[in-house]
Amino acid sequence: MFKLIISVILLGFTFACNGNSLPKNQEEDNPQSAQVQETPDDPYQEDRQNMVTYQIEGRGVNDDDVLQAMRTVRRHLFVPENETENAYNDNPLPIGHGQTISQPYIVAYMTEIVEPEPDDRVLEIGTGSGYQAAVLSKIVKEVYTIEIIPELGNAAAKRLNNLGYDNVEVKIADGYYGWEEHAPFDAIVVTAAAEFIPPPLIKQLKEDGKMIIPVGSPFRTQSLMLVEKEDGETKTKNLMPVRFVPFRRSE
Ligand code: SAH
């Protein structure tokens with residue numbers, strides 16, 4: 001299974017280098033109907049249910065809230081227009097600026113592993129398209145997400161706002177430093193691969209909180225790590241090999 005995941009992530013990674021542009025018309029979506037999340041004329045409703053059944057439940061994700069969020073967030077509105085048809089495929093997709101939206105299974109897995117609860121405040125590093133933030137926002141109370149590429153962050157903020165995800169706040173910054181103002185966080189989800197776990201993020205994680213982060217060199221296989229804070233100590237666990245775009249640093 002891991003081989004499959006790595007190969008599809010690699011495939012997406014290659015695509016990502018083509019630098020596709022962001023969607024133009026999708027922001028014009030009616031925010032009213034978007035809030036409902038399940039429009040009767042959603043042509044991708046069936047594809048999305050199949051994605052959850054076969055790619056996500058089929059691989060062992062079984063948290064009801066996570067599955068429900070994956071069933072309702074319309075992934076096809078988070079990818080560039082020319083990728084709409086591929087939105088529910090079992091692989092990452094390019095979102096422009098050399099970045100990718102993660103494979104649906106990875107999004108669901110990373111969400112499940114931090115055990116999100118309705119009252120939680122969650123920090124995401126690497127907003128990208130805003131998809132992971134949207135999935136989290138369906139489950140928790142507040143989502144704070146940081147993106148280093150202004151064009152991506154601004155487009156994601158606009159998209160999330162138009163689609164009615166009003167418990168998500170986007171900031172353009174280097175996520176290495178976290179978001180002190182809203183800390184501590186019940187969970188932190190990092191969606192770019194860092195060479196090491198940024199100490200400010202550990203500091204901003206609540207006692208008993210969970211952080212998921214890919215750790216390793218860019219352009220090589222990395223380790224998806226679970227970081228837990230217990231009795232003031234930080235424990236890390238290696239979960240699986242993955243391939244993510246690099247964690248960048250501001251100059
Ligand atoms: N979670 C995104 C996928 C993100 S791809 C989604 O659901 O679509 C990883 C993202 O992390 C990219 O957009 C990249 O620009 C961003 N990134 C990389 N380094 C970062 C940093 N130091 N701070 C904030 N964002 C960063």
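This passage describes the fold of the protein chain, its central sheet, one of its helices, the surroundings of its ligand and a few unusual backbone sites.

The structure is a predicted model, in which local features need pLDDT of at least 70 and side-chain atom pairs count only at pLDDT 80 or more, while totals for chains, interfaces and linings use all residues. Residues are numbered from 1 along each chain as its sequence is written.

The secondary structure of the protein chain comprises eight helices and nine strands; these are DSSP runs numbered from the N terminus, with helices being H or I over at least four residues and strands being E over at least two. Of the 251 residues in the chain, 47% are buried. Here a residue is buried if 20 or more other C-beta atoms lie within 10 Å of its own, exposed if 12 or fewer do, and partly exposed in between, with C-beta atoms placed from the backbone. Two residues are in contact if their C-beta atoms, placed from the backbone, lie within 7 Å. Among contacts between residues at least 6 apart in sequence, 61% join residues at least 24 apart.

A good place to begin a tour is the sheet. Seven strands form an open sheet in the order β5-β4-β3-β6-β7-β8-β9, with mixed pairing; two strands pair if DSSP finds at least two bridges between them. The edges are held by β5 and β9 (233-242), each with a single partner strand, so one side of each has no neighbour in the sheet. On average, neighbouring strands are turned by 15 degrees against each other, direction ignored. For such angles, axes are lines fitted to C-alpha atoms, for helices over the stretch in contact, and values run from 0 to 180 degrees between N-to-C directions.

Moving inward from β5, the pairing of β4 with β5 is parallel and spans five bridges, and E147 has I172 in β5 as its bridge partner. On the other side of β4, five bridges join it to β3, again in the parallel sense, with R121 partnered by E142 in β4. Five of the six residues of β4 are buried, and the strand is mostly covered. Helix α7 (residues 150-162) lies across β4 and β5 and runs at about 165 degrees to β5.

Further along the sheet, β3 and β6 run parallel and are joined by four bridges, and I125 stands opposite V190 in β6. Strand β6 also runs parallel to β7 (residues 205-215), again through four bridges, one pair of partners being A187 and K210 in β7. Six of the six residues of β6 are buried, so this strand is largely enclosed by the rest of the structure.

Helix α4 (residues 64-72) has V66, A69 and M70 as its buried residues. Viewed down the helix axis, these residues fall within an arc of 95 degrees, so they line one face of α4; the arc is that of the directions from the helix axis to the C-beta atoms. They pack against α3 (45-56), α5 (104-113) and α6 (131-137).

The ligand is surrounded by 25 residues, the closest being G126, G128, S129, Q132 and G175; a residue counts as near if its C-beta atom, placed from the backbone, lies within 6 Å. Elements giving two or more residues to this shell are β2 (99-101), α6 and β4 (142-147), and β2 gives the most, with three residues. By type, the shell divides into 12 nonpolar, nine polar and four charged residues, where Ala, Val, Leu, Ile, Met, Phe, Trp, Tyr, Cys and Pro count as nonpolar, Asp, Glu, Lys and Arg as charged, and the others, Gly among them, as polar.

Some backbone sites also deserve a look. Most residues other than glycine have a negative phi, and most peptide bonds are trans. The bond from A183 to P184, however, is cis, with omega near 5 degrees, and P184 sits in the loop between β5 (168-172) and β6 (185-190). H97, in the loop between β1 (93-96) and β2, has a positive phi near 55 degrees and is partly exposed, with 17 C-beta neighbours inside 10 Å. E115 likewise has a positive phi, of about 50 degrees; this residue lies in the loop between α5 and β3 (121-125) and is partly exposed, with 15 other C-beta atoms within 10 Å.
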